[in-house]
Every structure is written in structure tokens, then in C-alpha cells.
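Please consider the structure shown here, which will be read from the interior outward to a single helix residue.

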Amino acid sequence: MNSQTITADAAGTWKLGDLPVHRLGFGAMRLTGSAAFHLGAPSDRERSIAVLRKAIDLGVNHIDTAAFYFSSLRSANELINSALSPYPDDLVIVTKVGPYRAYDGEWGTSARPEDLRGHVEENLRQLGRDHLDVVNLRRMPKYDSISEHFGALAELREAGLIRHLGISNVTPRHLAEAQAIAPVVCVQNRYALDRPDPGTDELLRICGEQGIAFVPFYAVAGEGGEHGAATAHDEAVRAVAHAHDASPAQIRIAWTLHQGAHVLAIPGTGNPGHLVENVAAGAIRLTDGELDRLNALRPAAG
């Protein structure tokens, strides 16, 4: 597989509300450093900007970010603004609100509903936008219900600050709560080949039935999470990768995309070479036998 010639449209398209995006997008979290949230060394600014511009050159038109994605030296939103503004007409920037980090990087008190306008305004300021394409409410563990928070975002949508709404870190019950208030265009949950979760599997199914985009995070990192991409791969993953002349990370992305036409992938990286490989994974077509072999890993991982 010649990764250098493959662009994001190879993965196909889906819509976030009325906004068409390629199913292979880009997660901005790792632009700020070697690992997220002060867990690694800050990134090189020019390299991060180059990665963003390369993503656009490769046809990526869906970027996932947040105001709380920053390291001691770098802010993902500021990098996006510097690299890509004025923004391409077809670029969809998705951000999320709810969690909060102070300037020293420490996690602060989770947002109350009345705090969310400030979170939205901060994303607008950092990105240099007059509205946000999609805002995900990331559910915070201290709140069992998301109704009040989602309702506050729905009011900001009515005011024109937000075009579409999504939710993150949720269960099917939370999706129903949100839909009773306003349309939901996407659901973001942690989901990976080696991390079985029956609840999230159910949510993925519901989203497919209702035409809602399901957008996994840490699909490549797996159990590594915010610390970085998984380096230990099952023999089945390695064998399938070898058959496609691909890397295990590419197979993880391809498996993710094969979970449904409504499933989007947002692998993140600050490495230009990894970016090219991630985008190229959208062109990998797994056979039924390969999918069966990979799917068999999920019960074993549980």
C-alpha cells in the first residue's frame, strides 16, 4: 500500500447534521505534546502546524479539538487557528466542553450548566470563529444526568453560537435524555479493538439505527489512552497488518471504520509520517475472515 498517494476521501463520507465530512478525520489532542495533559514533552510548534496543514492537503475536513487540549507550551486550538485560518469552506471543527483545566494544567471543578457559555466563548476566541460547527458535551462523572448541561448548550445553539450538538462519555440513557431536548449529530465514546465494552457496543448500534455519527476516541491508543498509542499488538492484528502491508495501528483504524458506515475515526498525532499512515488506513478493506479474526480478540480481552 502506497500511503503517500491516499487521501481522506478513501474512507467514505458521513454527515454531522448537514455538514458532510470524510470518515477519516484528525484528533488534535496530541498536537500539543508527546502525550496529553502534561504527561509528555511539549511539541515543536512548527512541526504541529505542518501536521495540520498536511492533514488538509490529504483531504481531512473533520478536526476534533477542545480548549482543554494544551501542554505547558502549546494550545491545540491556537495551533489550529494559526495553521488553518482562514479556514477552508468544507472544514468542520468539532470541540467539546464540560471538563476544565486551569492555566497550570491541573484539572479544575467540572462545569456547571451556567458555566458552559464561558467554555463555548473560549473555544470561539481561541479558534477565531463566530460560531462552532459542532460542540460535544462531555459528561462528567459527578453528574448522573446531562439534561441541564445539554439544555444550556441547546440554548446557545438557538442563539447561533453553535450549529450542531453532540455528546461524549455517555450511555444510551444519556443519549435519550439529550434527544428529548435537541438533535444529537454525534456520540463520542472510548472504543477500541482491545477494549470490549457491551454498553458502548449497544450505543454504537443505536447510533447506527438512528443515523447518528459514532466517533470513537483512543481507537489506536487502546489501553494506552492519553499516554499514547498501543505498542503491544496481538498476533492476529500483526498477521492482518502483514497481509495488507500495513502497520498494526492502521489495522486498528481500519477495524474501527468497518464497524459501520456511521463510524468516524479521529486518530491524532503530532508526527507527519504517522499522519500519512493514519489517513491511508481509510483505504484498507478488511475481508470477512479478517474481521472475524479481529473480532475474536474482544471477548478474550474482557
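The paragraphs below treat the nonpolar cores, the enclosed space and one residue of a helix.

The model is predicted. In soluble globular proteins, nonpolar side chains tend to be buried together. Here, the largest nonpolar core comprises 82 residues, and L153 and V187 are those with the most contacts inside it. Apart from this core lies another, of 12 residues, including V21, C186, V215 and L264. The surroundings of L153 may be traced in detail: leaving aside residues up to four places away in sequence, L153 touches V97, L116, V120, V135, L137, I162 and L165.

One of these contacts, L137, also belongs to the lining of the largest cavity. How many cavities of 30 Å³ or more does the structure hold? There is 1, and the largest cavity encloses about 30 Å³ of space. Together with L137, its lining consists of R138, R139, M140, Y143, S145, I146 and H149. By class, these lining residues divide into 4 nonpolar, 2 polar and 2 charged.

From R138, another of the lining residues, one may turn to A236: the two are 98 residues apart along the chain, and their C-alpha atoms are separated by 33 Å. A236 lies in helix α7, which spans residues 235–243. Is A236 buried or exposed? Its relative accessible area is 5%, and because buried means under 20%, A236 counts as buried. Not counting residues up to four places away in sequence, A236 touches R293, L294 and L297.

Technical notes:
Residues numbered from 1 in each chain as written. Predicted model: local features only at pLDDT ≥ 70, side-chain atom pairs only at ≥ 80, totals over all residues. Heavy atoms only, no water. Helix = DSSP H or I, 4+ residues; strand = E, 2+ residues; numbered from the N terminus. Buried < 20%, exposed > 50% of the residue type's maximum accessible area, 1.4 Å probe, protein only. Contact = heavy atoms within 4.5 Å. Core = buried A, V, L, I, M, F, W, Y, C linked by side-chain atoms within 4.5 Å. 1 Å grid on protein atoms, 1.4 Å probe; cavity = no way out; pocket = protein on both sides within 12 Å on 5 of 7 lines; lining within 4 Å. Points joined across faces, edges and corners; volume = space filled by probe spheres on them. Nonpolar A, V, L, I, M, F, W, Y, C, P; charged D, E, K, R; others polar.
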